[in-house]
Amino acid sequence: MTNPQSFPPEPGLLGIIGNPVRSSLSPAMQHAALRQVKLDACYRAFEIAPDQVRTVLRALAPLGFWGINVTAPYKEKVVPFLDEVDPEARAIGAVNTVVVRKGRLLGYNTDAEGFRMAAETGGRVELPGARVLIVGAGGAARAVAFACLARGCRSLLVANRSGARARSLSRALRVEFPAAEIAAVSSGGPDWPRRVESCSVVVNTTPLGGRPTDPLPVPPEALRRGQTVMDIVYRPRRTPLLIAAEAAGARTVDGLQMLLHQGALAFTIWTGREAPSAVMRRALTVAAARAERLVTVLHP
């Protein structure tokens, strides 16, 4: 994989593409980092339609972009349009960070390492030997699964409303980790609560929890003391899943932790500079609190 050069030579643009992306906290975090290290760039959120992915990627170099983040639902869709993909991102099958260098688009995945750092540093989770349940089968689920398996988790269960998608992801993971214990299940089946309860680490990688009307991604009665429950949804910071997990006595890790670590890694890839993580953390905390003050939850 071509290493990105150590420092972008000209003022430029950074951003994030996704749909929806208007509520993203990445601009607040990355703007704070750029100001701290005095780099001449701005970071914007771009909400695009599926048929615009290729066009947007082709426009990055002519418009002077240093790079972009990619969020749902495009982490897998961007891969075919990149000139080069980092081996780990290729193995995961999803890219969340694109770097523009000399007109070429280079793809990386910082979600996997960002999740590992959030789990092991922020959440004090011991991934080696853990029984892990991942709810979801998209790009974020791929990265989380890769991180857990690479760290030697004891078993991995992929759950999704579409059993076919869960099985497809589990098959892809077995190619990279042929000796690992990997299974797939449709969420919501008769043995679903038992499967959830049997796992020591539960990770929600779906958008469920971002709206007040969303159902919980797992049955609350299956959560228990001794589990660690992580949610990649970060708005609200205390999602219904995390509230239910706390009530059950489980340890919780909110979505801001993974967002921070993956964003800091992306910043370093784009700029060659060490990310000012403490500054980024403060910016995220302030932006998350401000965003929650702007939301009115209507209860029946």
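Strand β8 and its neighbours

Modeller: In this predicted model, Ser-155, Leu-157 and Ala-159 point one way from β8, whereas Leu-156, Val-158 and Asn-160 point the other way, and all are buried.

Colleague: What makes β8 mostly covered?

Modeller: Buried means under 20% relative accessible area, and six of the six residues in β8, which spans residues 155-160, are buried, so the strand is called mostly covered.

Colleague: Why do the side chains of a strand point in two directions?

Modeller: In a regular strand the side chains alternate between the two faces of the sheet.

Colleague: How do you know that β7 and β8 pair?

Modeller: Two strands pair if at least two bridges are found between them, and β7 (residues 131-135) and β8 have five bridges, in the parallel sense, so the pairing is accepted. The bridge partner of Ile-134 in β8 is Val-158. From β7 the chain crosses through helix α5 (residues 139-150) to β8, in a right-handed β-α-β crossover.

Colleague: Why is that crossover called right-handed?

Modeller: Because, with the strands pointing away from the viewer, the path from the first strand over the helix to the second runs clockwise.

Colleague: What makes β8 and β9 a pair?

Modeller: The cut-off is at least two bridges, and β8 and β9 (residues 182-186) are joined by five bridges in the parallel sense, so they too count as paired. Ala-159 stands opposite Val-185 in β9, and β8, helix α6 (residues 163-176) and β9 make a right-handed β-α-β unit.

Technical notes
Residues numbered from 1 in each chain as written. Predicted model: local features only at pLDDT ≥ 70, side-chain atom pairs only at ≥ 80, totals over all residues. Heavy atoms only, no water. Buried < 20%, exposed > 50% of the residue type's maximum accessible area, 1.4 Å probe, protein only. Helix = DSSP H or I, 4+ residues; strand = E, 2+ residues; numbered from the N terminus.
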